[in-house]
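The following note is offered to a colleague who is meeting this structure for the first time. Please read the points with the sequence and the model at hand.

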Amino acid sequence: MTPTVELKTVTKTFGDVTAVDSLSIAVHEGEFYSLLGPSGCGKTTTLRLIAGFEEPTEGSVHIKGDDVTGKRPYQRSVNTVFQNYALFPHLTVSGNIAFGLERKRLDRPAIRERITEALALVRLEGHESRYPRQLSGGQQQRVALARALVLHPDVLLLDEPLGALDLKLRKQMQLELKHLQEKVGITFIYVTHDQEEALTMSDRIAVMEDGRLIQTGTPEEIYNHPATRFVAGFIGVTNLFHAAAGSACHDGLSAETDGGLTVALPADPGIYPGKRLSFSIRPEKIAVSFTEPPSAGKNRFPGKIADRVFLGSSISYRVAAESGEEITANQASDALSTGPDRFTAGDRVWVSWRPEDCVVLAE
């Protein structure tokens, strides 16, 4: 199947700066595809290359199988929603939505019908005569979406469109945006630096660093099986350790962390004794107990609670292991916050986790 959007070995330089470096991606029809990474990693430049606001220094951009490299933005079947919405302040909601349709010279009845459909799609019926200044941030964002969707593009590009909203509204709009995308069936390419946002909405995520594609996968794949230390550290909270591999043990391998913990890891045929490696273990995979846990198949280490942070649905504990390593563990807060296993700073505890919950990472 031909991808809806495909970048083939695209590089974009600005003088001596390489913003996008040999990037190849393929986005499928009807997919919610997110470009995720820290500021300056090249994700917005990638979006602008797809939109036609920038041209690649090398490589090519394809939309529905057609090479659109060199074509102007209006010659591509894409629309863009920006963080600041870019609404015309002197036009009403209807005027903003109609703007692109009028440029395409649709007749008035067709324009009115499209506006009605678009307003119903974003749940803004009855707001036709209002001006942007009379709308909330969430309503302005919906108008920007309606203005883009009313043109029936093959691809909708979204450049951090929720960034200006407060936290509660942003979380609400994440769900609404995903529902809207599923309803209209249009390919969405979404730029964000917010890991939770990408995990919540995306069918697939492309993690970028320094203009390069580091890993592509579903939210579950990216979170549970990060390919590198950068991905593991950038997506959510995790414990990252440097270590040297030891010998095989219990159908896996042993390793000595730089902080002095001897741990059991999953088997990896590419690792030999003495090889340097990194591994990650998510805080929710780590158990905390007052008593020493059974030894079978577990990593277990004594330590002391350094601090405790209440996060609502969970409690985060920072445990100082006797070796000197610090380990973060998250426990569900419903039972632990009031029950007999509640831990406070200074308590002597044990932390433990299964070897198979560790992810060995590329250095």
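1. A convenient place to begin is a pairing between two strands. A248 stands opposite L253, the latter belonging to strand 12. The structure is a predicted model, and the remarks below should be read accordingly. Strand 11, residues 239-249, runs antiparallel to strand 12, and five bridges join the two.

2. Strand 12 also has a partner in strand 13. These two strands run antiparallel and are joined by five bridges, with strand 13 covering residues 262-266. One position of this pairing can be named: E256 has T262 of strand 13 as its bridge partner. Strands 12 and 13 form a hairpin, with four residues between them. In the turn, G260 has a positive phi of about 100 degrees.

3. The surroundings of strand 12 deserve a comment. The strand spans residues 252-257, and five of its six residues are buried, so strand 12 is largely enclosed by the rest of the structure. The cut-off behind this reasoning is a relative accessible area under 20%.

4. Helix 4 comprises 13 residues, 137-149. From its first C-alpha to its last it reaches 18 Å, close to the 18 Å expected at 1.5 Å a residue. The helix is mostly covered, with eleven of its 13 residues buried. Among the buried residues are G138, Q139, R142, L145 and L149.

5. What do the buried residues of helix 4 pack against? Their helical neighbours are helix 2 (93-103), helix 3 (108-121) and helix 5 (167-184). They also pack against strand 6 (78-81), strand 7 (155-159) and strand 8 (187-192).

6. The aromatic residues call for separate treatment. The count comes to nine aromatic pairs. In one of them, the rings of F32 and F188 have their centres 5.6 Å apart and their planes at 50 degrees, so the pair is tilted. This pair links distant parts of the chain: F32 lies in strand 3 (residues 32-36) and F188 in strand 8, 156 residues apart. F32 counts as buried because its relative accessibility is 0%. F188 likewise counts as buried, at 0% relative accessibility.

7. A further pair involves F32 and Y190. The ring centres of F32 and Y190 are 5.6 Å apart and the planes stand at 40 degrees, so this pair is tilted. Because F32 lies in strand 3 and Y190 in strand 8, the pair ties together parts that are 158 residues apart in sequence. Y190 is buried, with a relative accessible area of 0%. F32, F188 and Y190 form one aromatic cluster.

8. Where do charged side chains sit over aromatic rings? The charged end of K12 sits over the ring of F14, at 5.1 Å from the ring centre. The charged end of R282 is placed over the ring of Y223, 4.0 Å from the centre of that ring.

9. The last point concerns an open sheet. Five strands form this sheet in the order 15-19-16-17-18, and the pairing is antiparallel. Strand 15 (287-289) and strand 18 (326-332) are the edge strands, each pairing on one side only. With direction ignored, neighbouring strands of the sheet are turned by 45 degrees against each other on average. Within the sheet, strand 16 (residues 299-310) and strand 19 (residues 348-353) pair in the antiparallel sense over six bridges. R300 stands opposite S352 of strand 19.

How values were computed
Residues numbered from 1 in each chain as written. Predicted model: local features only at pLDDT ≥ 70, side-chain atom pairs only at ≥ 80, totals over all residues. Heavy atoms only, no water. Buried < 20%, exposed > 50% of the residue type's maximum accessible area, 1.4 Å probe, protein only. Pairing = 2+ DSSP bridges. Expected span 1.5 Å × (residues − 1). Contact = heavy atoms within 4.5 Å. Phe/Tyr/Trp six-rings, centres within 6.5 Å; stacked < 30°, edge-to-face > 60°. Lys NZ or Arg CZ within 6 Å of the ring centre and 35° of its normal. Axes fitted to C-alpha atoms, helices over the stretch in contact; angles between N-to-C directions.
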